[in-house]
Amino acid sequence: MKKTVLTGIKPTGRIHLGNYIGAIKPALELAAEEDPVYFVADYHGLTKIQDAEQMKDLSYGIAATWLALGLDPSTSIFYRQSDVPEIFELSWILACFSSKGLMNRAHAYKAIVDQNRETGREIDDGVNMGLFTYPILMASDILLFQSDLVPVGKDQIQHVEIARDLADTFNRQFGETFKLPDYVVKEESAVIPGLDGRKMSKSYHNTIPIFEEPEKLKKLINKIKTDSTKPHEAKDPDDSTVFALYREFASQDEVSKMRDRFENGIGWGEAKKELFEAMNHVLEEPRRKYKYYMENREELDRILAEGAGKARAKAKPLLNEVKQKIGIKA
Ligand code: ADP
Ligand code: TRP
């Protein structure tokens, strides 16, 4: 029996290498073996992006990214979250079974509260209710499709655990209804470093967008922070952003050769050149496809609409069952 693998990406910025290596690439590897349900989490994006043009561009961007990197809409369920109203109906139901305390402890909210406290602001400054209840909508995304596996980056583990908690609470009260999902995190790529060596993240402005044009890509790679070891001096591959990224784009054989070259003192310029070559080789074709989709948005609309049809058909029976159990439907 194939497992249902579900994941979403929210349209809050340009997809970077951290998103690709930490979340998208592992998800696509799983998609090849299991039943994928992959989507554009646009209503999650609304907690941050509140400008219509930006929302449209970024949402199409996420859809084009999935397809450009090889997601096959004919063998998967691929949709825009906002096209599936059943998700929002379940989200309300789940909200009525979520304790507020559980939401208070969710890390994205807690981080803002902690920061506000430190800077002497009102604790809920800058928090909208969408952000506060974010984990409930995410639980609805996951539970409505009876997901077995949820491939995510490390920072999303807590959200999957909250989904599990909510499923368990509901099941105890109303009998076996939702499957308890498991997260999948690839340990070795759990945290991809950015240009400055900190976690690559939009919030740190240290990202390398995956579909950057070759010249720009080369320039960004040249900006990656390195230590002051000189050419010919041994370098520690396991403490290098250049190596951490190279490992994701080269073959096993090439990676072990590069490991030797680091230990034998490859120059940083040379190592970065090799990284660019490996990366460009893998991303050239997806970059071309990404551009194609971004210039043919009606094709994206058509693919997403078809996916939403499949998603709704799959979601309806479970939502009906839930509504019967809570006495909202005969
Ligand atoms: P950002 O930190 O740039 O705002 P998001 O929070 O939108 O990125 O993350 C989208 C997905 O990409 C999540 O599953 C997240 O865990 C993963 N991800 C983001 N940055 C990294 C990183 N540097 N290393 C590994 N995975 C990452
Ligand atoms: N919260 C996820 C992120 O920030 C995006 C997301 C929304 C998601 N719904 C999901 C991921 C369901 C996995 C499953 O990256």
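**Figure 1. Polar contacts of ligand 2 with D141, K10 and Q156 in the predicted model**. An N or O atom in the side chain of D141 lies 2.7 Å from a nitrogen atom of ligand 2, a polar contact being a pair of N or O atoms within 3.5 Å. A second nitrogen contact, at 2.9 Å, is made by a polar side-chain atom of Q156, while a polar side-chain atom of K10 is placed 2.8 Å from an oxygen atom of the ligand. Of the 540 Å² and 370 Å² of accessible area that ligands 1 and 2 have on their own, the protein covers 93% in each case (Shrake-Rupley method, 1.4 Å probe). Residues are numbered from 1 along each chain as its sequence is written, with chains lettered from A and ligands numbered from 1 in the order written. In this predicted model, local features need pLDDT of at least 70 and side-chain atom pairs pLDDT 80 or more, whereas totals for chains, interfaces and linings use all residues; side-chain values use heavy atoms, without hydrogens and water.

**Figure 2. The shell of residues around ligand 2**. Fourteen residues surround the ligand, with K10, Y134, M138, D141 and Q156 coming nearest (a residue counts if one of its heavy atoms lies within 4 Å). By class, the shell divides into eight nonpolar, four polar and two charged residues. Ligand 2 takes the space of the largest pocket (more than half of its atoms lie within 2 Å of the grid points). Two or more residues of the shell come from each of β1 and α8, and α8 gives the largest share, four residues (DSSP runs, at least four residues for helices and at least two for strands).

**Figure 3. Ligand 1 and its backbone contacts**. A backbone N or O atom of I192 is found 2.8 Å from a nitrogen atom of ligand 1, and a polar backbone atom of M200 lies 2.9 Å from a nitrogen atom of the ligand. On the oxygen side, an oxygen atom of ligand 1 is 3.0 Å from a polar backbone atom of G153. Of the 18 residues around this ligand, those that come nearest are H16, G153, D155, I192 and K202, and the shell is made up of five nonpolar, eight polar and five charged residues.

**Figure 4. The largest pocket, in which ligand 1 sits**. The pocket has a volume of about 1400 Å³ and is lined by 49 residues, of which K10, K48, D155, Q156 and K199 lie nearest its centre. On a 1 Å grid, a pocket is an open set of points with protein on both sides within 12 Å along at least five of seven lines, a cavity is a set where a 1.4 Å probe fits but cannot get out, and lining residues have an atom within 4 Å of a point. The lining comprises 21 nonpolar, 20 polar and eight charged residues, with the largest share, five residues, coming from α6.

**Figure 5. The second largest pocket and the largest cavity**. About 330 Å³ of space lies in this pocket, whose 17 lining residues include S91, G130, T133, I136 and L137 nearest its centre. Its lining draws two or more residues from each of α2 (42-45), α4 (85-95), α7 and α8, with α4 giving the most, four residues. The largest cavity, of about 30 Å³, is lined by A106, A108, Y109, L131, F132, Y134, P135 and H159.

Technical notes
Grid points are joined across faces, edges and corners, and a volume is the space filled by probe spheres set on the points. A polar contact is a pair of N or O atoms within 3.5 Å; within protein, one must be able to donate a hydrogen and the other to accept it, and residues adjacent in sequence count only if both atoms are side-chain atoms. Ala, Val, Leu, Ile, Met, Phe, Trp, Tyr, Cys and Pro count as nonpolar, Asp, Glu, Lys and Arg as charged, and the others, Gly among them, as polar.
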